[in-house]
Amino acid sequence: MEIEIGFTDEFTNTQYAPLVALSVHYQQNQILAPLQQVQIGMKTREFDPICKLKQVLLSILAGCETLTAFNTQLEGELGLAAVWGWERFADQSTLSRTLDVLTLMNIAQLRTATTMIWQRHSQIRQHDWRGFLWLDFDLSGLPCSPQAEKSQKGYFSGKKTLLDAS
């Protein structure tokens with residue numbers, strides 16, 4: 001599938017162009033193929049259970065904080081749905097029902113599939129472990145700049161760190 005990104009007067013525009021490109025990448029490289037191992041026992045009407053799991057993933061990638069936001073954020077995104085070969089997206093209640101019917105065995109299968117996905121594509125697996133992996137933790141409790149992105153005051157129990165007046 002060849003994707004062209006640009007401005008048009010068509011009704012198929014999507015605000016999720018980066019998600020369209022990521023979706024094409026996922027499909028061309030069969031990144032989500034391990035999900036086929038999840039055997040969910042439920043009827044298939046318009047969407048099979050694996051398509052519904054992919055739509056749940058898309059809701060997460062699109063920034064939906066809950067599945068209830070799925071209808072308002074992705075319902076009209078027919079261009080994004082078309083990239084996956086769907087005429088439209090499923091209703092959020094259908095996605096919720098799919099998650100509700102997952103058995104413990106399905107959850108174990110899903111865990112195995114997602115582990116396979118991240119292990120194949122994680123940059124951590126490519127790290128040279130003969131050297132150090134540097135992690136930066138700031139536990140000082142010192143105030144950060146009000147201009148810092150998403151900065152907020154945290155809670156630190158015990159002794160307070162005083163600012164140096166000099």
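In which helix does glutamine 55 lie? Glutamine 55 belongs to helix α2, and it offers a convenient point of entry into this structure, which is a predicted model.

Before that residue is examined further, the overall plan deserves a description. The chain has 166 residues, of which 29% are buried. Its secondary structure consists of six helices and zero strands, so that, under the naming used here, the elements read α-α-α-α-α-α from the N terminus on. Of the contacts between residues at least 6 apart in sequence, 60% join residues at least 24 apart. The accessible surface of the chain amounts to about 12900 Å², and carbon and sulfur atoms account for 55% of that surface.

Attention may now return to glutamine 55. This residue is buried, its relative accessible area being 0%. A polar atom of its side chain lies 2.8 Å from the backbone nitrogen of alanine 90. Apart from neighbours within four places in sequence, glutamine 55 is in contact with Phe47, Phe70, Trp86, Phe89, Ala90 and Leu95.

One of these partners, Leu95, leads to helix α5. The buried residues of α5 are Gln92, Leu95 and Thr98. Viewed down the axis of α5, these buried residues fall within an arc of 120°, and they therefore line one face of the helix. A general property of helices is relevant at this point: an α-helix has 3.6 residues a turn, so residues three or four places apart point the same way. The buried residues of α5 pack against α2 and also against α3, which spans residues 70-74.

A further connection is found in the loops. How many salt bridges does the chain contain? The count is one salt bridge. It is formed by arginine 88 and glutamate 46, whose closest N and O atoms are 2.7 Å apart. Arginine 88 is situated in the loop between α4 (78-83) and α5 (92-100), while glutamate 46 is situated in the loop between α1 (17-28) and α2 (49-61); the pair therefore ties together parts that are 42 residues apart in sequence.

The two partners of this bridge fall into separate classes of accessibility. Arginine 88 has a relative accessible area of 34% and is partly exposed, because the partly exposed class covers values between 20% and 50%. Glutamate 46, with a relative accessible area of 58%, is exposed. Glutamine 55, by contrast, is buried at 0%.

Note on methods: Residues are numbered from 1 along each chain as its sequence is written. This is a predicted model: local features need pLDDT of at least 70, side-chain atom pairs count only at pLDDT 80 or more; totals for chains, interfaces and linings use all residues. Side-chain values use heavy atoms; hydrogens and water are left out. A salt bridge is a side-chain nitrogen of Lys or Arg within 4 Å of a carboxyl oxygen of Asp or Glu. Helices (H or I, at least four residues) and strands (E, at least two) are DSSP runs, numbered from the N terminus. Buried means under 20% relative accessible area, exposed over 50%, partly exposed in between (1.4 Å probe, protein chains only). A polar contact is a pair of N or O atoms within 3.5 Å; within protein, one must be able to donate a hydrogen and the other to accept it, and residues adjacent in sequence count only if both atoms are side-chain atoms. Contact means heavy atoms within 4.5 Å. The arc is that of the directions from the helix axis to the C-beta atoms. Accessible areas come from the Shrake-Rupley method with a 1.4 Å probe; for residues, only the protein chains shown count as cover.
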